[in-house]
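Okay, thanks for coming, everybody. Let me put the structure up and walk you through it.

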Amino acid sequence: MENDVIVQPEDPNSIDAKELMELLSDNLQSITGDSGKNSFEVTDVTVPRSIFVIARNQQGEPIGCGAIRPIDTNIAELKRMYAKSKSNGVGTAILTYLEEQSLNFGYSQIWLETRLVNQNAVSFYENKGYIRIDNYGKYLNREECICLGKFLS
């Protein structure tokens, strides 16, 4: 089914981007009690070596989104990952695209944060080769958070 998913860079201020991020925020709020909005600014993904993408189905309908932004020279941070459907390869298509872009931008690692209670997300990333790392940045000393990372090759 992944072949039916088209992932492309898009303006994070577009109507489709805003709608997808609002769905993500609602979803996170229901799972974790936090929308995640305080951990993301659109300007974070409009700087050099950052990108915001939207996944679309064959009919052109927006079905998911994701972004990377720089943490430092070698590390990109994965942000605002969302797939409307959890079963048809949308998340995998978005993640694969963002990992390829990260390599193109010269990053050697991707880090991310999610909530421990969000077991579907934790399992998804672990199945894609992400391993637990020490909490970083604003997630230091926050027991509800889990940080994961992956070396790109």
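One term before we start: when I call a residue buried, I mean under 20% relative accessible area, and exposed means over 50%. With that cut-off, take α1: the buried residues there are A17, L20, M21, L24, S25 and L28. Looking down the axis of α1, those buried residues fall within an arc of 145 degrees, so they line one face of the helix. That fits the textbook picture: an α-helix has 3.6 residues a turn, so residues three or four places apart point the same way. On the other side of α1 you'll find I15 and S30, which are exposed.

I should say that this is a predicted model. The mean pLDDT is 93, and 98% of the residues reach 70 or more. Going element by element, α1 has the lowest mean pLDDT, at 92, while strand β6 has the highest, at 98.

So what covers the buried residues of α1? The cover includes β2, β3 and β4. And the length of the helix works out: 18 residues at 1.5 Å a residue should span 26 Å, and the end C-alpha atoms of α1 are 25 Å apart, which agrees. Right after α1 comes G33, with a positive phi near 80 degrees.

Now the sheet. It's open, with 7 strands in the order β1-β2-β3-β4-β5-β7-β6, and the pairing is mixed. At the edges sit β1 and β6, each pairing on one side only. On average, neighbouring strands are turned by 30 degrees against each other, ignoring direction. Out at the β1 end, β1 and β2 run antiparallel and are joined by 4 bridges. V7, for instance, stands opposite A55 in β2.

Two helices to place on that sheet. α1 packs on it, touching β2, β3, β4 and β5, and its direction makes about 85 degrees with that of β4. Helix α3 packs on the sheet too, touching β4, β5 and β7, at about 160 degrees to the direction of β5.

Last thing, a couple of backbone oddities. Most residues other than glycine have a negative phi. R49 has a positive one, about 65 degrees, though it isn't a glycine. R49 is found in the loop between α1 and β2, and at 27% relative accessibility it counts as partly exposed. Then there's R80, with a positive phi near 50 degrees. R80 is in strand β4. Buried or exposed, at 10% relative accessibility? R80 counts as buried, because 10% is under the 20% cut-off.

Key: Residues numbered from 1 in each chain as written. Predicted model: local features only at pLDDT ≥ 70, side-chain atom pairs only at ≥ 80, totals over all residues. Heavy atoms only, no water. Buried < 20%, exposed > 50% of the residue type's maximum accessible area, 1.4 Å probe, protein only. pLDDT = per-residue confidence, 0-100. Pairing = 2+ DSSP bridges. Axes fitted to C-alpha atoms, helices over the stretch in contact; angles between N-to-C directions. Contact = heavy atoms within 4.5 Å. Expected span 1.5 Å × (residues − 1). Arc of directions from axis to C-beta.
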